[in-house]
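Work through the exercises below with the structure in view. Try each task before reading its solution.

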Amino acid sequence: MVRATASARRTAATAILAVSLLAAATVVSGATMANSPRAIRADDLLTFFDQIALSQQARPFGRRPKWVRRWMGPVTVTLTGKAPARFRRRLAHALSTISRWSGERFALAADPANAPWRNRISIRIVDHAVMLRRYGRGGNVCTTATFGRRGQLRRARIVISDRYTDCLDHELMHALGFDGHWYGRDRFDPVHSVLALRYTPARRFRFTRFDAIAIRTLYHERLWPGMPRRRALAAVARLYRAVSGI
Ligand SMILES: [Zn+2]
C-alpha cells in the first residue's frame with residue numbers, strides 16, 4: 001500500500017479547496033444577474049469564516065478565547081430519542097459528507113450505550129414540549145454545547161426538538177467547531193449558510209457550498225486547534241488568495 005506523504009496530502013487539500021472556491025465564485029456571479037448586485041470575493045469568504053469560526057464567544061459557557069476549535073481523530077456520533085428512520089439516514093449522509101470535507105472520520109455508532117465518551121458527539125431528539133419547558137415559546141428549538149481543551153474538541157451534545165429536525169445541519173456545524181452565526185449584510189448578501197438565523201434571507205437548511213468551504217478551511221492542515229484568531233485569519237487569507245483568482 002502506498003502512503004500519501006504529508007506534502008502530497010497538503011497539496012490535495014489545497015487543490016480541493018481551490019475547486020470549491022472557484023465553484024462558489026462561478027455560481028454566485030451566475031446568480032448576480034437574477035437578483036444580486038455583488039459577485040463573491042475572497043474577502044466575503046474571509047468575513048464569513050471569521051464570523052462563524054473565530055469571532056463569537058459561545059454561550060452559555062462564554063469567555064472562550066478567539067481561536068480555532070476543532071476535532072482531531074475519529075469522532076463517534078450517537079443518536080438517541082424519538083428519531084425517525086429517515087432522520088437517521090439523513091444524519092448518516094451528513095456525517096459522510098462532513099468526513100469527506102474535513103478529512104476526519106465522523107461515524108454513527110450502532111450501539112450508543114457502548115460508544116466511547118471521548119471524541120463523541122451525542123445527538124438527542126426530544127419532544128417539543130421539553131424545549132418549550134426549558135426555553136419558553138419563541139426560545140431555542142435546538143441547542144449544541146461543545147467541550148474541549150485548548151481548542152481541541154472532545155465532546156459535543158446536540159439536542160433537537162422533534163418538531164424542528166431541520167436544525168440538523170446547523171447544529172452539526174456548531175458541533176464541528178463553528179460557534180458563531182452568519183448574519184449576512186443585507187438581503188442581497190451572496191453568502192448563504194445553514195448557520196444564518198432561522199427566518200433570515202441568508203438561511204439555508206442543507207449545507208451550502210459556502211459551508212463546505214468553511215468546513216474544508218477549518219480542517220485544513222494550515223490551521224490547528226488553539227491557533228489564535230489573528231494568526232488563523234492571516235493563514236486563511238493567504239490560503240484563499242493562493243488557491244483562487246477571486
Ligand atoms: Zn445556532
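**Exercise 1.** Find what share of the protein's residues count as buried.

Solution. The protein has 246 residues, and 31% of them count as buried. Buried means that 20 or more other C-beta atoms, placed from the backbone, lie within 10 Å of the residue's own. This is a predicted model: local features need pLDDT of at least 70, side-chain atom pairs count only at pLDDT 80 or more, and totals for chains, interfaces and linings use all residues. Residues are numbered from 1 along each chain as its sequence is written.

**Exercise 2.** State how many helices and strands there are, and in what order they run.

Solution. Count first: 7 helices and 5 strands. Both are DSSP runs numbered from the N terminus, helices (H or I) of at least four residues and strands (E) of at least two. Then read from the N terminus: α-α-β-α-β-β-α-β-β-α-α-α.

**Exercise 3.** Lay out the sheet and explain why E2 and E4 each have a side without a neighbour.

Solution. The 5 strands form an open sheet in the order E2-E1-E3-E5-E4, with mixed pairing. Strands E2 (106-108) and E4 (142-149) stand at the edges; each has a single partner strand, so one side of each lacks a neighbour in the sheet. Strands pair if DSSP finds at least two bridges between them.

**Exercise 4.** Describe how E1 and E2 pair, and which helix touches both.

Solution. E1 (residues 75-81) pairs with E2 in the parallel sense, over 3 bridges. Thr76 has Ala107 in E2 as its bridge partner. Helix H3 (residues 85-102) packs on the sheet and touches E1 and E2. Touching rests on contacts: C-beta atoms, placed from the backbone, within 7 Å.

Technical notes: A residue is buried if 20 or more other C-beta atoms lie within 10 Å of its own, exposed if 12 or fewer, and partly exposed in between; C-beta atoms are placed from the backbone. Two residues are in contact if their C-beta atoms, placed from the backbone, lie within 7 Å. Axes are lines fitted to C-alpha atoms, for helices over the stretch in contact, and angles run from 0 to 180 degrees between N-to-C directions.
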